[in-house]
Amino acid sequence: MSEMKKIKNLKEFSTSADRFEGANLLCPGCAHSIIVREVLNATNDDLVLSASTGCLEVCTAVYPYTSWDASWIHIGFENGSTAVAGAEAMHKALARKGRLKQPDRNPKFVSFAGDGASYDIGFQWISGCMERGHNIMHVVLDNEVYANTGGQRSSSTPIGSSSTTAPAGRVSYGEKQNKKDMVSIMASHGIPYSAQVAPNKWKDMVKKIQHGFAVDGPVFINAVSPCTTEWKFDPKDTMYLSDLSTDSLVFPLYEIIDGHELNITYRPKNVVPVEEYLAAQGRFKHLFKDEYKHLIKEWQDRVDANWAYLNRREEARV
Amino acid sequence: MAFDKMELRDIEVWDGNFAAAQAMRQCQIDVVAAYPITPSTPIVEGYAKFLADNYVEGEFVMVESEHAAMSGCIGAAAAGGRVATATSSQGFALMVETLYQASGMRLPIVLNVVNRALAAPLNVNGDHSDMYLGRDSGWIQFDAYCPQDAYDLNFIAFKVAEDHDVRLPAMVHQDGFMTSHTAQGVKTLTDDQGYNFVGDFKPMNDMLDFEHPVTHGVQTEEDWHFEHKARQHNDLMTKVLPKIQTAFDEFEKLSGRKYNIVEEYDMADADVAVVCMGTSVETAREVATEMRAKGIKAGVVGIRVIRPFPFEQIKAALKDVKAIAALDRSSPNGAPGMLFNEIAGALFNTDTKALLSGYVYGLGGRDLTKAHLTDLFTELQANVDAGKVTTPLQQFIGVRGPKLSFL
Ligand SMILES: Cc1ncc(C[n+]2csc(CCOP(=O)(O)OP(=O)(O)O)c2C)c(N)n1
Ligand code: SF4
């Protein structure tokens, strides 16, 4: 058994990521890199990582350079989860045959993918991996948009957001659909662990990642990843946006154990109005016009209803 | 080793699917990721049963699609072990994206392709449409004519693909139903002979070597992409055929069975020749012998390795003939058939004066009969006698309705 990594404080935490280099091409202020560092920081064990096509992939492995000091693979947009599952199967096979080069190691298998790669095109592959019970962790870098291809809507894009394929215009407020509830869908596979995390709540994140690494079986993690380019905010404000998303309960932090037992892991002392979250981002600017103001109220109602629903699920333990 | 060996008779009665499955067992595949499709399904079912009976030790990942099957194979191969799977037709088509990814990442996966028509219309029977769909994907492609070949070529495919100078994935093709479901006598190797021929898997840049982390599947743009693709092409064009020849030679030493990159039959003094693949090779050979009794000097050239295309061997085989028919078992959809084009390409700029015509046959499992081939050889001889191609350049054999011929 591997030892759980102990982390004392933020300073120590922020300097202990040595397997994902700061040298990469991600935008200044991109939350993807922060989340990746937080996930990798949660363990000292060896890693087998994949990235699906998207910002993280194109910005960190541009030949002849690599930002990864750990085993890493990219195949395509949809199949990063299955790549890692294949590697995990090979690890099992070689372990049984006594052919591992370092048999005493206890590697962790992690696939990183954007919301597009996870909620949409890669959905089937992830579902397959979850259902088959591979010992892997899938981490969604959920910036609610196809960022790498310039900001098209995905099924994670929230209602009222303006994206290039669902733009706000003279007669449209932008995205018409509600964000898909991926955590519940994945939990419904009956997997041992699924959770939502946010980079600002790093202790909560580390705890969840470590829990995920400790269980035997597939793990699904959805991480909110504020995107300075597509959400349209100042790069210095990434953590502020992450704070707003968790503290407004737009992105509540919770975990689901064995597909049913839901625990809320963060209850903000002062809940921030959703309006404040929306106002901080260019993608929602148009909602503040008179004709769309009712959508802000609808937003608040929906967030409140979702919070009540999560609380009921936590209480009911079903 | 913890698994049990299997006692085989010197000759077993196997169909092509089971022959391929047995070869995969003897090579002791570490990981198979697979998805069922007719007519290739029995190959992976065979592996599953061998696993269930402890005749093999490995992991069988029964995924949710063919795209995922090859994705899993890619991840497993990059982790460093022996990997194989099987598919046909629509499954192959769904895999195409990943076929390029596997070869571009230089991963030695073996894919058994039981050839079948592509929809629409939906059809489960054999033709070579899927084979042709994969021909530019950077894989080595072997062609089996019968269950014996399907068995033998699997060993050869692993040996060549896993060679560190090659590191390219390989396909073994066989004809849907005609080979895959037709039982014949297959001469076997013992488990030790089979395994020792391919040898232990030697990993390279494997993700499970944590002392040497590797980055697989990088991004390259105009600054490097061309070099990577050019190198891959160069290795296919220059390194692979000699390696295949060596593997064929070694296999002959082991088994007494001789394979050639291009299989020539009665070609030494042939005036007319049919070039074809798959089960039609054996039929054509039989008819060629009959034609010789009728005074037509007929020969047959069977393509054994489709990619890399054996230009030199084709040139040598067809050097002295006067008329050639290239037989394509796929609908070329808007052009002469692939084999027609490639034979034409190989012979261009040579001294040959051979007359070349193209025939499309056997789509969706339609039979190619001896009578068809008799007519065909007779037509070739008529071309020789007339000193020109007397019929259209492209003809469809045995299609109902108005006769289809073009160009
Ligand atoms: C099969 C396929 N379809 C489309 C694309 C184009 N594509 C590449 S990345 C991408 C968007 C990625 O979005 P997401 O997964 O949300 O990640 P992000 O870039 O936002 O981090 C798209 C559409 C592709 N590479 N492959
Ligand atoms: S576009 Fe967004 S997700 Fe992509 S690198 Fe920039 S900030 Fe990160």
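These numbered points comment on a predicted model, taking chain B as a whole and then one sheet and one helix.

1. Overall form of chain B. With 407 residues, a compact globule would be expected to have a radius of gyration near 22 Å, and the 21 Å found for chain B agrees with that. The C-alpha trace spans about 70 × 55 × 45 Å along its principal axes. Its secondary structure consists of 13 helices and 17 strands.

2. Burial and contacts in chain B. Of the 407 residues, 59% are buried, where buried means under 20% relative accessible area. Among contacts between residues at least 6 apart in sequence, 81% join residues at least 24 apart.

3. Surface and charge of chain B. The accessible surface is about 15400 Å², and carbon and sulfur atoms contribute 52% of it. Chain B carries 54 negative side chains and 35 positive ones. The centres of these two sets lie 7 Å apart.

4. A sheet with strands from both chains. Nine strands form an open sheet with mixed pairing, in the order 10(A)-9(A)-7(A)-8(A)-4(A)-3(A)-1(A)-2(A)-9(B). The edges are strand 10 (261-264) of chain A and strand 9 (215-216) of chain B; each has a single partner strand, so one side of each is left without a neighbour in the sheet.

5. Strand 4 of chain A. This strand covers residues 137-142 and runs parallel to strand 8 (residues 219-224) of chain A, with six bridges between them. One of the pairings sets L141(A) against A223(A). Strand 4 of chain A also runs parallel to strand 3 (residues 108-114) of chain A, here over five bridges. In that pairing S111(A) is the bridge partner of H138(A).

6. Which residues point to each side of strand 4 of chain A? In a regular strand the side chains alternate between the two faces of the sheet. M137(A), V139(A) and L141(A) point one way, H138(A), V140(A) and D142(A) point the other way, and all are buried. Because six of the six residues are buried, strand 4 of chain A is largely enclosed by the rest of the structure. A reader checking this strand should note that H138(A) and D142(A) are among the buried residues.

7. Strand 1 of chain A. Strand 1 (residues 47-51) is likewise largely enclosed by the rest of the structure, because five of its five residues are buried. L47(A), L49(A) and A51(A) lie on one side and V48(A) and S50(A) on the other, so to speak of its faces, both are covered.

8. Neighbours of strand 1 of chain A. Five bridges connect strand 1 of chain A with strand 3 of chain A, and the two run parallel. Within strand 3 of chain A, K108(A) stands opposite L47(A). Strand 1 of chain A also pairs in the parallel sense with strand 2 (residues 71-73) of chain A, over three bridges. There, V48(A) has S71(A) as its bridge partner.

9. Is helix 12 of chain B enclosed or open? Seven of the ten residues of this helix (residues 338-347) are buried, so helix 12 of chain B is largely enclosed by the rest of the structure. The buried residues are M338(B), L339(B), F340(B), E342(B), I343(B), A346(B) and L347(B). An α-helix has 3.6 residues a turn, so residues three or four places apart point the same way. Just after helix 12 of chain B comes N349(B), with a positive phi of about 65 degrees.

Note on methods. Residues numbered from 1 in each chain as written. Chains lettered and ligands numbered in written order. Predicted model: local features only at pLDDT ≥ 70, side-chain atom pairs only at ≥ 80, totals over all residues. Heavy atoms only, no water. Helix = DSSP H or I, 4+ residues; strand = E, 2+ residues; numbered from the N terminus. Rg over C-alpha atoms; globule rule 2.2 N^0.38 Å. Buried < 20%, exposed > 50% of the residue type's maximum accessible area, 1.4 Å probe, protein only. Contact = heavy atoms within 4.5 Å. Areas by Shrake-Rupley, 256 points an atom, 1.4 Å probe, with all protein chains shown as cover. Lys, Arg positive; Asp, Glu negative; His and termini not counted. Charge placed at Lys NZ, Arg CZ, Asp CG, Glu CD. Pairing = 2+ DSSP bridges.
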